[in-house]
Amino acid sequence: MQETLNYINENKQRFVDELFELLRIPSISADPAYSNDVLKCAEVCAEYLKNAGADHVEICSTKGYPIVYGEKIIGENLPTVLVYGHYDVQPADPLELWKKPPFEPYIEKTELHPDGAIFARGSADDKGQFFMQIKAFEAMMKTNSLPCNVKFILEGEEEVGSVSLGSWVNENKEKLACDCILISDTHIYSNEQPTVTTGLRGLSYVEVEVEGPNRDLHSGLYGGAVPNPIHVLSRMIAKLIDEDGHITIDGFYDNVETVSDEERAEMNKLKDNPAEFKKSIGLNDVEGEKGYTTLERTSIRPTLDCNGIWGGYTGEGAKTVIPSKAFAKISMRLVPYQTPEEITEKFTKYFEKIAPANVRVKVTPHHGGLPYVLPTDTKEYSAAKNAMQTAFGKEVFPYRGGGSIPITSMFEQVLGAKSVLMGFGLDSDAIHSPNEHYGLFNFYKGIESIPMFFENYSK
């Protein structure tokens with residue numbers, strides 16, 4: 001292992017330089033204008049896998065963007081770890097809020113990253129994190145220390161719901177046969193308090209439409225006498241959560257997991273710093289479901305948020321209209337044992353129920369996903385915890401994340417393997433936001449920890 005760590009230390013600058021090449025590619029899967037860039041990024045990922053020592057590297061076609069596959073099989077009787085990552089990124093809008101262009105990576109020191117952070121779209125989500133896996137694999141290959149079999153799948157549609165991945169995995173179950181799945185697409189609690197993510201929330205994502213008059217109306221001729229869809233929609237959204245932060249949808253909490261007092265106490269051992277939390281996002285105070293801490297609200301409790309709302313005239317200047325329609329996008333984070341199908345159906349019924357009779361409403365479901373939990377008494381968790389404790393030199397705690405990676409439940413259902421969520425970012429790294437960044441300390445700690453995970457898990 002020391003030889004592997006020496007190799008990593010000797011090649012740190014090259015690893016960053018190569019990551020910069022990936023980050024310069026605007027592989028935005030949500031925007032068809034960038035389709036050639038997404039395809040180019042897949043080709044670059046395949047080259048890096050080959051150069052690292054992977055065999056049978058291929059760019060596999062799907063109905064959407066391709067999946068990059070590679071493997072290194074060194075023994076039939078050895079365990080196999082399947083590494084997952086995604087090479088697509090979120091749109092960079094709003095561009096004017098970036099300090100520098102989002103696809104021109106640079107390094108800058110910050111309060112939380114005194115050693116410097118890599119600023120670029122995709123730096124933390126997920127190029128910087130899956131690239132750690134490739135570089136750790138390279139280090140093990142170059143020092144002849146790979147202790148088990150490894151397979152890689154890198155997809156290009158995670159940011160649009162992994163729409164092609166499920167069918168591709170089902171069609172390639174034998175090729176992907178493994179003992180566990182290793183994913184670096186989550187974060188640690190802090191650099192001072194490293195954690196292994198043991199749970200993720202699920203997701204139900206919908207778009208709603210409220211329609212009033214059959215056309216946009218002059219607000220002087222009709223104002224005060226007809227329903228304004230923006231007003232109606234705003235009131236309806238406000239009714240979805242009460243003053244105690246409780247979601248009002250009928251039956252919403254029917255299947256919510258009851259987390260024991262013991263587990264809640266263990267969770268809250270993490271050094272929660274409310275003042276720092278508020279400062280990091282520019283707030284004077286927080287809010288949420290009554291009776292739960294901030295840690296619990298963002299992990300073991302379901303939530304509902306309006307992610308966008310629009311309607312009427314939003315261009316330059318004034319246009320005095322009452323719009324015909326208003327729209328909103330709404331996401332609901334789910335916990336065990338909720339399902340996206342159940343919650344989407346309950347949301348739809350409730351939204352239709354609270355709509356006034358003088359408008360028409362429509363709910364369009366988008367993507368969703370199941371929650372996921374990795375028990376702390378598994379060999380997968382132990383291997384990750386011990387690896388990170390060695391790398392960080394600090395005690396590592398289990399941590400339930402608030403985000404969603406729907407493919408974790410799909411992997412378990414189709415491949416029969418648990419996913420180890422061994423991410424190294426911070427929740428303050430501005431993923432999905434302007435000025436996304438990833439600490440150099442975190443990048444290097446990830447590359448150091450991953451070979452230790454392989455060694456621990458193989459033993």
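**Exercise 1**

Lys99 is exposed, with a relative accessible area of 55%; find which residue forms a salt bridge with Lys99 and how far apart the closest N and O atoms are.

*Solution.* The model is predicted: local features require pLDDT of at least 70, side-chain atom pairs count only at pLDDT 80 or more, and totals for chains, interfaces and linings use all residues. Residues are numbered from 1 along each chain as its sequence is written, and side-chain values use heavy atoms, with hydrogens and water left out.

Step 1: apply the accessibility classes, in which buried is under 20% relative accessible area, exposed is over 50% and partly exposed lies in between (1.4 Å probe, protein chains only).

Step 2: apply the salt-bridge rule, a side-chain nitrogen of Lys or Arg within 4 Å of a carboxyl oxygen of Asp or Glu. The partner of Lys99 is Glu108, and their closest N and O atoms are 3.1 Å apart. Glu108 is partly exposed at 28%.

Step 3: place this pair in the total, which comes to 24 salt bridges. Another of them joins Glu436 to Arg121, with a closest N and O distance of 2.8 Å.

**Exercise 2**

Count the disulfides and state whether Cys41 and Cys178 are buried or exposed.

*Solution.* Step 1: a disulfide requires two cysteine sulfur atoms within 2.5 Å. The count by this rule is 0.

Step 2: for Cys41, the nearest cysteine sulfur belongs to Cys45, 4.4 Å away. Cys41 is buried, its relative accessible area being 0%.

Step 3: for Cys178, the nearest cysteine sulfur is that of Cys180, at 7.0 Å. Cys178 is also buried, with 14%.

**Exercise 3**

Describe the interface of domain 1 and domain 2 by area, residues and polar pairs.

*Solution.* Step 1: an automatic or database assignment sets the domain bounds, giving domain 1 (1-200 + 371-458) and domain 2 (202-256 + 302-369). Their C-alpha centres lie 35 Å apart.

Step 2: with contact meaning heavy atoms within 4.5 Å, 9 residues of domain 1 touch 10 residues of domain 2.

Step 3: buried area is the accessible area (1.4 Å probe) that two parts lose on being put together, summed over both. Here the two domains bury about 630 Å², 65% of it on carbon and sulfur atoms. Pro371, Ser404 and Pro406 supply 67% of the area that domain 1 buries against domain 2, more than any other three residues.

Step 4: the rule finds 0 salt bridges across this interface.

Definitions and conventions: A polar contact is a pair of N or O atoms within 3.5 Å; within protein, one must be able to donate a hydrogen and the other to accept it, and residues adjacent in sequence count only if both atoms are side-chain atoms. Ala, Val, Leu, Ile, Met, Phe, Trp, Tyr, Cys and Pro count as nonpolar, Asp, Glu, Lys and Arg as charged, and the others, Gly among them, as polar.
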